[in-house]
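Please examine the sequence and the structure shown here before reading the report.

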Amino acid sequence: MDEFVQLGWAKYFSNGLFDTIWHPKAVGYAMFFEIAHLIGWDARSILFVGRMQTALLACLTIGFVYASARSLGENRARTLAIVLVLLCFSNFMERIFRTIAEPLAVFFAVAALLVVLRARELKGWPLVASGILSGLSFLATQKAVYFNFALGLGLVGDAALRGRYAAGVARGTWLILGWTVPIVVYCFIFGGADPVPVARNLFFGPIEIATRGGADYGGLRRFVLQTLARNYVLYVFCFAGMALALAQIMKLDERRRIALIFSVVITVLVFAHDQPWPYVFIMALPFMSLWSLALLDGIANRVRYLRIAWIALATAVSISFVANLLYLRIDNAAQLELVARAESLLAPDERYFDGIGILPNRMEPTTLWLDVHYVLKTLRESGRSEAYSVLSKSPPKLILWSYRMDYIYPVVAPLILNSYVRIAPNLRIAGVLLQSGERKIFDVPIAGSYALYNEDGSQLSGRVEVDGKVLAPPVQFSTGPKTVILHDPAGEALLLPTGSYAGRFKPGKDNDLLFDGVYD
């Protein structure tokens with residue numbers, strides 16, 4: 001679900017962003033995905049282009065990891081082995097191409113470290129450039145403050161360990177100076193002559209999300225155990241490599257020491273994060289993998305153990321690679337079918353609601369995100385909740401149904417039961433199903449012209465009685481409850497907003513597995 005909503009946030013750039021809509025998260029990732037909106041011609045193509053964008057970004061990230069390993073003195077064969085280890089972490093292979101903010105943040109973070117490792121002297125413009133890249137990472141997602149802190153600690157910590165405190169202060173100053181540049185530009189781009197509210201939102205917006213932690217979700221630490229269990233051999237090599245390097249930290253050269261401090265700090269911060277969703281681990285894996293062969297160096301003089309270690313690593317890489325290739329065969333055909341069908345039923349100026357932002361190119365009456373926290377909040381607030389307010393005061397033409405809507409149905413049922421009708425799996429449209437001669441209460445959610453349609457979406461001619469008056473559709477309806485009786489045709493007919501629906505309806509129950517098992 002995160003993929004759809006984050007990819008779709010670009011649609012708000014000219015529709016109220018930082019005017020009537022204040023997103024608590026940095027929107028640098030949305031600027032990146034604006035490319036998909038410019039290239040794509042419909043909802044599905046936008047989703048595909050977004051996936052290709054992040055896949056290409058992943059390739060560049062891997063290239064930067066390769067360049068970083070080479071800058072740390074690794075030869076080509078060992079560097080390729082390091083890259084292979086990274087690729088075979090299940091989290092990396094499964095999540096790095098997702099259309100979410102983290103892959104973009106990781107890209108800039110790896111680039112920032114690479115600039116430091118490639119710099120001739122660690123002062124002045126190289127550190128400003130690294131700071132700029134760190135700032136861009138922060139603008140992708142504020143979680144990247146972990147990267148910013150780790151890089152700063154690496155630069156300052158290296159200088160402090162060598163007793164060069166003044167140099168450490170200078171490094172930190174140059175880095176912060178560079179970091180500030182994209183932040184200031186961001187605030188002026190979105191704030192214009194008044195950038196302070198945007199800056200305040202950038203720094204204080206995520207506090208509510210961060211302070212509530214993962215308590216509402218329950219048991220998120222299981223994802224730490226999950227990734228350790230699935231990749232335990234790879235983690236052993238990375239953790240052991242970092243531990244051996246730490247034991248000899250004073251013997252390392254300057255670049256390796258900085259990279260080591262960075263890697264250790266970001267690993268600790270990521271694994272200690274109180275909302276460790278599987279995609280969060282991609283923030284640490286590129287840097288951990290730089291040390292994956294250090295264990296082999298530590299036992300190089302013990303031929304028997306070295307041979308066993310190589311066999312274990314090669315076996316783990318092979319098994320992980322095959323297992324994850326099988327995972328990548330899973331597609332999201334049902335989601336894409338729903339996206340295409342829903343888009344075809346909505347004109348560009350018409351709105352939908354689902355609480356998960358699944359349509360990247362259609363507007364919603366609210367940016368409400370129905371994660372577990374807001375589901376629980378909706379159930380607590382009931383008639384005072386945002387979901388209830390939206391569906392009662394600015395009802396959409398279409399409601400896309402998922403298990404999140406099932407969760408809040410006890411609250412919104414009175415606004416849906418007599419106002420919307422299912423015309424395809426996971427799709428409800430403003431309207432009512434009529435049966436010849438049967439009296440129905442239709443609580444009209446949207447004023448406008450309504451006509452009769454059959455079950456495949458073809459328009460029908462006929463007559464309906466509305467509050468005692470027999471009329472030939474299309475009929476103009478005001479909002480509110482109406483007593484409706486179908487006089488003809490005989491049988492069943494759908495009374496829906498006037499539109500072109502032929503071939504766009506589909507019989508069948510909702511697909512309860514639409515977002516099932518995405519973190520299994």
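The following report describes the overall build, two groups of strands, a surface patch and some backbone details.

## Overall build

This is a predicted model, in which local features need pLDDT of at least 70 and side-chain atom pairs count only at pLDDT 80 or more, while totals for chains, interfaces and linings use all residues. Residues are numbered from 1 along each chain as its sequence is written, and side-chain values use heavy atoms, with hydrogens and water left out.

The protein contains 21 helices and 13 strands. Both are DSSP runs numbered from the N terminus, namely helices (H or I, at least four residues) and strands (E, at least two). Along its principal axes, the C-alpha trace spans about 90 × 55 × 40 Å. Of the 520 residues, 55% count as buried; buried means under 20% relative accessible area, exposed means over 50%, and partly exposed lies in between (1.4 Å probe, protein chains only).

The protein exposes about 22,900 Å², of which carbon and sulfur atoms supply 62%. Such accessible areas come from the Shrake-Rupley method with a 1.4 Å probe, and for residues only the protein chains shown count as cover. Among contacts with a separation of 6 or more, 72% join residues 24 or more positions apart, where a contact means heavy atoms within 4.5 Å.

## The four-stranded sheet

One open sheet has 4 strands in the order β1-β2-β4-β3, with mixed pairing. Because β1 (352-353) and β3 (420-424) stand at the edges with a single partner strand each, one side of each is left without a neighbour in the sheet. Two strands pair if DSSP finds at least two bridges between them.

β3 pairs with β4 (residues 427-430) in the antiparallel sense over 4 bridges, and Tyr420 stands opposite Ala430 in β4. The loop between β3 and β4 holds Asn426. Asn426 has a positive phi of about 70° although it is not a glycine, and its relative accessibility of 4% means that Asn426 counts as buried.

Helix α21 (residues 403-416) lies across β1, β2 (398-400) and β3, and runs at about 160° to β2. Axes are lines fitted to C-alpha atoms, for helices over the stretch in contact, and angles run from 0 to 180 degrees between N-to-C directions.

## Strand β7 and its partners

How many of the 6 residues of strand β7 (residues 448-453) are buried? The number is 5, so β7 is largely enclosed by the rest of the structure. The table lists pairings of β7.

| Partner of β7 | Sense | Bridges | Opposite residues |
|---|---|---|---|
| β8 (residues 459-460) | antiparallel | 2 bridges | Leu452 and Leu460 |
| β11 (residues 475-477) | antiparallel | 3 bridges | Gly448 and Phe477 |
| β13 (residues 492-497) | antiparallel | 4 bridges | Ala451 and Leu496 |

β7 and β8 also form a hairpin with 5 residues between them, and Gly457 in the turn has a positive phi of about 95°.

Two cis peptide bonds belong to loops that lead to β11 and β13. The bond from Pro473 to Pro474 is cis, with omega near 10°; Pro474 lies in the loop between β10 (469-471) and β11. The bond from Asp488 to Pro489 is likewise cis, with omega near 10°, and Pro489 is placed in the loop between β12 (480-488) and β13.## A nonpolar surface patch

Which residues form the nonpolar patch on the surface? They are Met31, Val181, Val185 and Ile189, with about 330 Å² of accessible area together. Patches are made of residues with over 30% relative accessible area and no salt bridge; like charges are joined within 9 Å, and nonpolar side chains (Val, Leu, Ile, Met, Phe, Trp, Tyr) within 5 Å. A salt bridge is a side-chain nitrogen of Lys or Arg within 4 Å of a carboxyl oxygen of Asp or Glu.

Helix α9 (residues 165-191) supplies the largest share of the patch, 3 residues. Met31 is located in helix α2 (residues 28-39), and because its relative accessibility is 38%, Met31 counts as partly exposed.

Helix α9 also contains Ala167, which counts as partly exposed because its relative accessibility is 22%. Ala167 and Val156 are 11 residues apart in sequence and 7.9 Å apart in space, C-alpha to C-alpha.

## A further backbone detail

Phe18 is found in the loop between α1 (2-8) and α2. Although Phe18 is not a glycine, it has a positive phi of about 60°. Is Phe18 buried or exposed? Phe18 counts as buried, because its relative accessibility is 8%.
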